[in-house]
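I opened the file to look up a few helices, one loop residue and a sheet. My entries follow in the order I made them.

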Amino acid sequence: MAKSLSYADAGVDIDKANRLVDRIKTIVKSTPRQGVIGGIGGFGGLFSLNTEQYERPVLVSSTDGVGTKLRVAIMMDKHDTIGIDLVAMSVNDILVQGAKPLFFLDYLSMGKLNENTAADIIEGVAEGCRQANCALIGGETAEMPGMYEDGDYDLAGFAVGIADNFKIVDGSDVGQGNVLLGIASTGLHSNGYSLARKVFFDHLDLKVDSYVEDLGMTVGEAMLEPTKIYAEIVRNLIRDIHVNGMAHITGGGIIDNLPRTIPQSCKAIIREGSWEYPAIFPFMKKAGDIDEMEMMRTFNNGIGLVAVIPEPQVQEALELMQAMGEKAYVIGEIAARGENDDRIEWK
């Protein structure tokens with residue numbers, strides 16, 4: 001008589017998944033936040049919303065992934081920081097609308113569940129939540145044999161925050177004479193990795209453990225530098241400075257993201273050379289013979305967030321960033337836009 005088949009025979013180990021959940025419960029406890037009800041393990045994460053300090057509370061949400069930066073983590077077999085990137089990509093999007101992050105959920109799918117790899121990934125997610133001051137209240141880990149090669153996985157994240165309707169930063173107050181304050185990135189963040197991998201691994205034929213003198217580190221170390229989470233920076237900025245608009249500089253770079261917070265009647269004038277480029281960007285540009293505008297619409301090029309502020313508050317904002325140990329630069333200004341003008345002018 002033929003052997004009775006089980007889910008494990010099909011490649012899905014429920015017992016292993018249950019053991020991972022027990023490990024995750026401990027990790028989740030490291031991201032406490034007022035409002036969280038219970039722990040993980042239910043059908044949904046519970047969060048009690050306190051709206052007393054908001055006149056007209058609005059929930060702000062975002063979802064994103066990490067893109068092909070995952071491939072670098074897999075190549076290096078280093079998985080404890082990619083979760084920070086996951087949190088950053090969603091949280092930074094809601095921060096620039098003036099929202100305070102409340103909670104986060106993640107989705108992790110693997111061809112074959114590796115408990116240690118999964119635990120490292122979730123620990124990175126928890127660290128991202130700690131940096132964003134939000135709670136990790138749930139998620140999903142899926143074992144999907146036949147969908148991924150051994151060792152491969154994918155990630156998605158979901159952030160929810162809160163803002164007062166009257167204080168949402170939507171760019172409607174942006175006007176002529178406002179100044180563009182660029183706040184430094186930590187490197188590539190989590191965008192443009194298909195091009196970056198082509199430069200390093202195909203064009204230069206380097207490996208993740210290849211040391212590059214110009215970078216002062218290995219290729220893998222430079223490419224796996226975690227995305228900066230701007231939660232504390234934004235909190236202090238909107239507390240002390242009248243911020244008219246903000247843009248998270250992600251995929252599309254300054255070219256595609258800055259216009260999202262500028263009225264159609266205005267244009268941004270960007271002063272080239274007004275900020276410091278992390279070494280990885282000029283290295284890739286030269287090595288891959290990449291056009292300047294192609295760099296600008298693919299990578300952040302050293303600016304991870306742009307705040308549009310009134311000119312009289314520029315010095316105060318710069319001093320605030322310096323006090324926080326952050327690099328910030330005046331990278332341009334807002335001007336009236338002519339009928340045939342582009343949304344961004346480079347000078």
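Before the entries on helices, I fixed the term: helices are DSSP runs of H or I with at least four residues, numbered from the N terminus. The model is predicted.

Entry, helix α11. I looked up which residues of α11 (residues 314-323) are buried, and found Val314, Ala317, Leu320 and Met321. Viewed down the axis of α11, these buried residues fall within an arc of 125 degrees, so they line one face of the helix. I noted the general background: with 3.6 residues a turn in an α-helix, residues three or four places apart point the same way. I then checked the face of α11 turned away from the buried side, and it carries the exposed residues Gln322 and Ala323. For packing partners, I listed β7 (179-184), α7 (231-240), β12 (303-309) and β13 (328-336) against the buried residues of α11. I also read the backbone just past the end of α11, where Gly325 has a positive phi of about 75 degrees.

Entry, helix α2. I repeated the lookup for α2 (residues 69-76), whose buried residues are Lys69, Leu70, Val72, Ala73 and Ile74. A lysine, Lys69, is on that buried list. The buried residues of α2 pack against α3 (82-95), β6 (153-164), α5 (193-203) and α6 (219-223). Just after α2, I found a positive phi again, of about 55 degrees, at Asp77.

Entry, Ala99. I located Ala99 in the loop between α3 and β4 (100-110). Is Ala99 buried or exposed? Its relative accessibility is 5%, and the cut-off for buried is under 20%, so Ala99 counts as buried. I looked for what is in contact with Ala99, leaving aside neighbours within four places in sequence, and got Val60, Ile94, Gly161, Ile162 and Ala163. I also computed a C-alpha to C-alpha distance from Ala99 to Val160: 8.8 Å in space, for a separation of 61 residues in sequence.

Entry, strand β6. I turned to β6 next and asked how many of its residues are buried. The count is ten of twelve, so I wrote β6 down as mostly covered. I then looked up its pairing. β3 (residues 57-64) pairs with β6 in the antiparallel sense, over eight bridges. Within that lookup I recorded Phe158 of β6 as the bridge partner of Thr63. β4 also pairs with β6 in the antiparallel sense, over ten bridges. Here I recorded Gly157 of β6 as the bridge partner of Asp106.

Terms used: Residues numbered from 1 in each chain as written. Predicted model: local features only at pLDDT ≥ 70, side-chain atom pairs only at ≥ 80, totals over all residues. Heavy atoms only, no water. Buried < 20%, exposed > 50% of the residue type's maximum accessible area, 1.4 Å probe, protein only. Helix = DSSP H or I, 4+ residues; strand = E, 2+ residues; numbered from the N terminus. Arc of directions from axis to C-beta. Contact = heavy atoms within 4.5 Å. Pairing = 2+ DSSP bridges.
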